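Okay, everyone, thanks for coming. Let me put the model up on the screen, and then I'll walk you through what I pulled out of it.

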Amino acid sequence: MNNSAASRLARQVAFIAECDKLKEIFRQTINTQSRRAENDAEHSWAFALCVLVLAEHANEKIDVLRVLKMAIIHDLVEIDAGDTFAYDAKAAAQQHDREALAADRIFGLLPADQAKEFRALWDEFEARTTPEAKFAHACDRFQPMLLNARTEGGSWRAHGITLDRAQKRGAPVADGSQVLWEKIYEMLREAVAAGHLAPAATNS
């Protein structure tokens, strides 16, 4: 192996080792069996599984491999930026800025060509304008909704989330998959009926 190839491999290995930290970033959603907090690496795997299984339900024809790449890298920025709880509006206001700085550092560990590709994929995911990014977001939001539905309300109950807030969070799923949005709506109705999700808030 020449010096150039050795240097390239060293940067790739360093990136992979750095990404192991994703296993230590915990989310508010809980796993269906242990009921412990899910970590970001588990979420990314489950997100990718959703893409593989549910791709036929995308609103438009998609490049599945491109969506899978987004699934694997989309949360790597949380190694630096941390997980932002879906219903925390205050933290969400600065989320993109924090994550963009993290993307610069983390993807910058890679050789230049891969750094450019990964950053472009992350930016595409964030922008939500392509069919692939829209479906990626649909799966990214569907997965925690499914976990909450299968853990008697999970983080919904823990944080006092109401139906209207859950519906608002899930609504963008329809941009990537109307079918998955309808399934979420069904799960939300069932959760309210079972007492696992509070009814919509009403103005007094």
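So, twelve helices and two strands make up the chain. Helices here are DSSP runs of H or I with at least four residues, strands are runs of E with at least two, and both are numbered from the N terminus. Going along the sequence, the pattern reads α-β-β-α-α-α-α-α-α-α-α-α-α-α.

Some housekeeping: this is a predicted model, so local features need pLDDT of at least 70 and side-chain atom pairs count only at pLDDT 80 or more, while totals for chains, interfaces and linings use all residues. Residues are numbered from 1 along each chain as its sequence is written, and side-chain values use heavy atoms, with hydrogens and water left out.

Overall shape next. The C-alpha trace spans about 70 × 35 × 30 Å along its principal axes. The radius of gyration is 18 Å, which agrees with the value near 17 Å for a compact globule of 204 residues; that is taken over C-alpha atoms, and the globule rule is 2.2 Å times the number of residues to the power 0.38. Accessible surface comes to about 10700 Å², with 54% of that belonging to carbon and sulfur atoms; areas are Shrake-Rupley with a 1.4 Å probe, and for residues only the protein chains shown count as cover. Of the 204 residues, 44% count as buried. For the cut-offs, buried is under 20% relative accessible area, exposed is over 50%, and partly exposed is in between, again with a 1.4 Å probe and protein chains only.

How much of the contact list is long-range? Among contacts with a separation of 6 or more, 67% are between residues 24 or more positions apart, where contact means heavy atoms within 4.5 Å.

Let me zoom in on a couple of spots. Ile62 sits in the loop between α2 and α3 (64-73), and it counts as buried because its relative accessibility is 14%. Setting aside neighbours within four places in sequence, Ile62 touches Ala55, Val67, Pro131, Glu132 and Phe135. With Phe135, the C-alpha to C-alpha distance is 8.1 Å, across 73 residues of sequence.

Then there's Asn148, in helix α8. Buried or exposed, would you say? Asn148 is buried, at 3% relative accessibility. With the same four-place exclusion, Asn148 is in contact with Thr29, Gly153, Gly154, Ser155 and Trp156.

On to charges. How many salt bridges does a search of the whole structure find? The search turns up 16, a salt bridge being a side-chain nitrogen of Lys or Arg within 4 Å of a carboxyl oxygen of Asp or Glu. One of them joins Arg27 and Glu38, closest N and O atoms 2.9 Å apart. Arg27 is in strand β1 (residues 26-30) and Glu38 in strand β2 (residues 37-39), so this pair ties together parts eleven residues apart in sequence. Arg27 is buried at 14% relative accessible area, and Glu38 is buried too, at 2%. Both belong to a salt-bridge network that also links Asp40, Asp75 and Asp83.

Another bridge is Glu152 with Arg35, at 2.8 Å between the closest N and O atoms. That one spans 117 residues, from the loop between α8 (131-149) and α9 (154-158) to the loop between β1 and β2. Glu152 is partly exposed at 33%, and Arg35 is partly exposed at 37%.

A local example is Glu186 with Lys183, at 3.0 Å. Those two share helix α12 (residues 178-194), three residues apart, or about one turn of the helix.

Cysteines: there are zero disulfides, with the cut-off being a pair of cysteine sulfur atoms within 2.5 Å. For Cys50, the nearest cysteine sulfur is that of Cys139, 5.5 Å away. Cys50 is buried, at 11% relative accessible area.

Last thing, the surface. Trp45, Leu49, Leu52 and Val53 form a nonpolar patch with about 440 Å² of accessible area together. Patches use residues with over 30% relative accessible area and no salt bridge, joining like charges within 9 Å and nonpolar side chains (Val, Leu, Ile, Met, Phe, Trp, Tyr) within 5 Å. Val53 is in helix α2 (residues 40-54), and at 51% relative accessibility it counts as exposed.

That's what I have.
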